[in-house]
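Let's go through this one by asking how each label was earned. Here is the structure to keep at hand.

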Amino acid sequence: MLRHSLHRLLLAIPVLFGVLLIGFLLMQVVPTDAAQVRAGPSATPDVVEAIRRDLGLDQPLYVQFGRYLWRLAQGDLGVSIINNVPVSQELGATIGPTLELMAASLIWAIPLGIAMGTFAAYWRGSIADRIIMAFSVAGVSVPVFFLGLLLIWFVGFKWQLLPFTGRVGPLWEWEGLQAIILPALTLGGVFVGPVARMTRTAVLDVLSADHVRTARAKGLTERLVVLRHALRNALIPVVTLIGLQIGFLLGGAVVTETVFSWPGVGRLAVGAILSSDLPMAQGTIIVLSAGFILVNLLVDVLYAGLDPRMRAA
Amino acid sequence: MSATTVPNTAEAVPPKRAGLLARLLKDPAAALALAFVVLVIAVAVLAPVLAPSDPFDNDLARSMQPPGSPGLPLGADSQGRDMITRLLYGLRVSLLMGVVATGAGGAAGALLGFLAAFYQRWLDGPIMRLMDMMLSFPAILVGLAIAAIFGPGIFSVVLALSISTVPLMARIVRGSALVVMRLDYIEAARAIGMSDARLIWRHLAPNCLSAIFVFATLRFGQVILLGSALSFLGLGAQPPTAELGAMASEGRNFLFFAPHIAVIPCVLIFFVVLAFNVLGDALRDALDPRLRV
């Protein structure tokens, strides 16, 4: 267990280093001179040179990279070019809403997907199975923004049932809770299909296993056989696969946040790129990537904890 | 006994291969998907011939005309441009983005996969570790990073989608090639002194084609979906270029007055991606059931 975790951690380090390097190079390849930008258009060459020295931009790249890592380690991600607010401050304000949105989406999408997948596997080949599988293929084919726009148009605008104007308050307030429903339905909606599909495959595998046959032979009720003997074993691969789909969820979150004006990291990143706010773009991309790598690492380690067979692999 | 069975199995393979289309058509969903894919490709290729007007031909007098208006079966967008024309050209751009990204990323990935499998002793480890690292980045993050470096545009999206296709294809091809590598005829080809490059090209690659083909079909649908999402975010095709995701994004501002501007491109993206997914699944079942997940 410990060895496996260490191995995974060692693999994650170069990846994380790569992320930081890409983030650093991002600022190098862009054909704008940071010193010139900082100095303003009317600055004399002397002033620009002074600022360049001040920012350390006259140093060799590896020295700059070292300084950049040092600043990162202190939580300093630079300052936005657009509004002069520290990047870390903006990130701190947006991470919460993004996590909220993801949690609110997964909390209904995963149980529903697992229930649908189990049902489809048990009634394999039936009409219900075919409908669930068709739904699942449709689910991975629908653009997230389409789902969002449909919900806004019907539920929000035409029927006026729920708000669609972004985050209006914390979740424990009634308005805040209402506001997250449509975004969570959108983001979760594209997640149900893949989860159902993965669960169906996993349950089908387990249903033909010896221990399930034994359980049936002992005369257990079908309910117990499916829920306690089949599903419980099928859940291990499903949990891992869900963990590995976090990238998919992240992509969906970026789009969902944009559609619903949800003040999360994804929307911040897109806005920063569109307004050429490089420090902000760099900071958001680094944080999103690092978060993603961390989640993958956690899933890997958890998986080894759940399933001893994995540790040898 | 064995002398008679060997030619029999050898003969049994070609008719099965020739029957691929027949087997695909047996499944109504797959047949429908195939027909739709063929139609979509034909329409996209013929867009300049089929389009009733110019995609940039705006006429503010017909701005936001609903579908069914005189001369505008699918209505007009906010600039008064004919929706049918925009959709035809948009489809063309979206499909082309998909073809280039799947092709370039797929080719690079396949090459790396072959090299990893063929030179297993010294290339497999480094190549596959690199692929693992690339897989650590979701496509949307690659898209964001590339758009930040090169600026928003079609080039950035295609580059991002190509890059995120490479490790996926490399994994599929490596797995498929490793199985083929264990077969006797590879050993035989080596024994007669065939060069590595020729061995990969003539014997290894053709036997991995079905896996490559199935994956490329499935990936194509995902690439279209991701590309449209990046364009919707404003990171891809820029106005006034007609591209399905960008059209949906433009239409979003007029959702409450003229929903058709956003909805029609979305519906088209959905059906194109759905068709490629259904077709890819059917191809996988027909060609290479081992790939089933």
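Q: What do the bounds of a "domain" rest on here?
A: Domain bounds come from an automatic or database domain assignment. For chain A of this predicted model, that gives domain 1 (2–73) and domain 2 (87–312). Taken over C-alpha atoms, the centres of domain 1 and domain 2 of chain A are 34 Å apart.

Q: How do you know that domain 1 of chain A is in contact with domain 2 of chain A?
A: Contact takes C-beta atoms within 7 Å, placed from the backbone. By that test, 13 residues of domain 1 of chain A meet 12 residues of domain 2 of chain A. The domain 1 side of that boundary has 9 nonpolar, 3 polar and 1 charged residues.

Q: What makes up the secondary structure of chain A?
A: Chain A has 14 helices and 0 strands. Its C-alpha atoms fill a box of roughly 90 × 55 × 35 Å along the principal axes. Of the contacts in chain A with a separation of 6 or more, 69% are between residues 24 or more positions apart.

Q: And what makes up the secondary structure of chain B?
A: Chain B comes to 12 helices and 0 strands. The box for its C-alpha atoms is roughly 80 × 45 × 30 Å, again along the principal axes. Residues 24 or more positions apart account for 69% of the chain B contacts with a separation of 6 or more.

Q: What share of each chain counts as buried?
A: A residue needs 20 or more other C-beta atoms within 10 Å of its own to be called buried. In chain B, 46% of the 293 residues pass. In chain A, 36% of the 313 residues do.

Q: Why is helix α9 of chain A said to lie largely in the open?
A: Helix α9 of chain A (residues 210–217) has 8 residues, and the number buried is 0, so the label follows. After α9(A) comes A:Gly219, with a positive phi near 90°.

Q: Why is B:Leu74 called partly exposed?
A: Buried starts at 20 neighbours and exposed stops at 12. B:Leu74 has 19 C-beta neighbours inside 10 Å, so it counts as partly exposed. B:Leu74 is in the loop between α4 (47–50) and α5 (83–118) of chain B.

Q: Which residues does B:Leu74 touch, leaving out those up to four places away in sequence?
A: B:Leu74 touches B:Pro67, B:Met83, B:Ile84, B:His260 and B:Ile264. As for B:Ile261, its C-alpha atom is 9.0 Å from that of B:Leu74, though the two are 187 residues apart along the chain.

Q: How do you know that chain A and chain B touch?
A: Apply the C-beta cut-off of 7 Å: 35 residues of chain B are in contact with 40 residues of chain A. On the chain B side, α7 (139–150), α10 (196–232), α11 (244–252) and α12 (260–287) each supply at least two residues. That side of chain B divides into 29 nonpolar, 5 polar and 1 charged.

Q: What makes a set of residues a nonpolar core, and which members touch the most others in the largest one?
A: The members must be buried and of nonpolar types, joined through C-beta atoms within 7 Å. The largest such core has 156 residues, and A:Phe145, A:Ala269, A:Ile273, A:Ile285, B:Leu144, B:Val173 and B:Ala229 touch the most other members. α10(B) gives the most to this core, with 17 residues. Beyond four places in sequence, A:Ile285 touches A:Gly23, A:Ala269, B:Leu141, B:Leu144, B:Ala145 and B:Ala148.

Q: Which residues of chain B carry the annotation "transmembrane region"?
A: That comes from an unreviewed UniProt entry, which covers residues 29–51, 95–118, 208–234 and 254–280 of chain B. In the model, residues 95–118 of chain B are 100% helix, with end C-alpha atoms 33 Å apart. Residues 208–234 of chain B are 93% helix, and their end C-alpha atoms lie 38 Å apart.

Q: Where does the annotation "domain: ABC transmembrane type-1" fall?
A: UniProt (unreviewed entry) puts it on residues 91–280 of chain B and, for chain A, on residues 95–303. The chain B span is 82% helix and 0% strand, its end C-alpha atoms 20 Å apart. The chain A span is 83% helix and 0% strand, with end C-alpha atoms 26 Å apart.

Technical notes: Residues numbered from 1 in each chain as written. Chains lettered and ligands numbered in written order. Predicted model: local features only at pLDDT ≥ 70, side-chain atom pairs only at ≥ 80, totals over all residues. Contact = placed C-beta atoms within 7 Å. Helix = DSSP H or I, 4+ residues; strand = E, 2+ residues; numbered from the N terminus. Nonpolar A, V, L, I, M, F, W, Y, C, P; charged D, E, K, R; others polar. UniProt positions renumbered as here; feature names shortened; annotations may be inferred.
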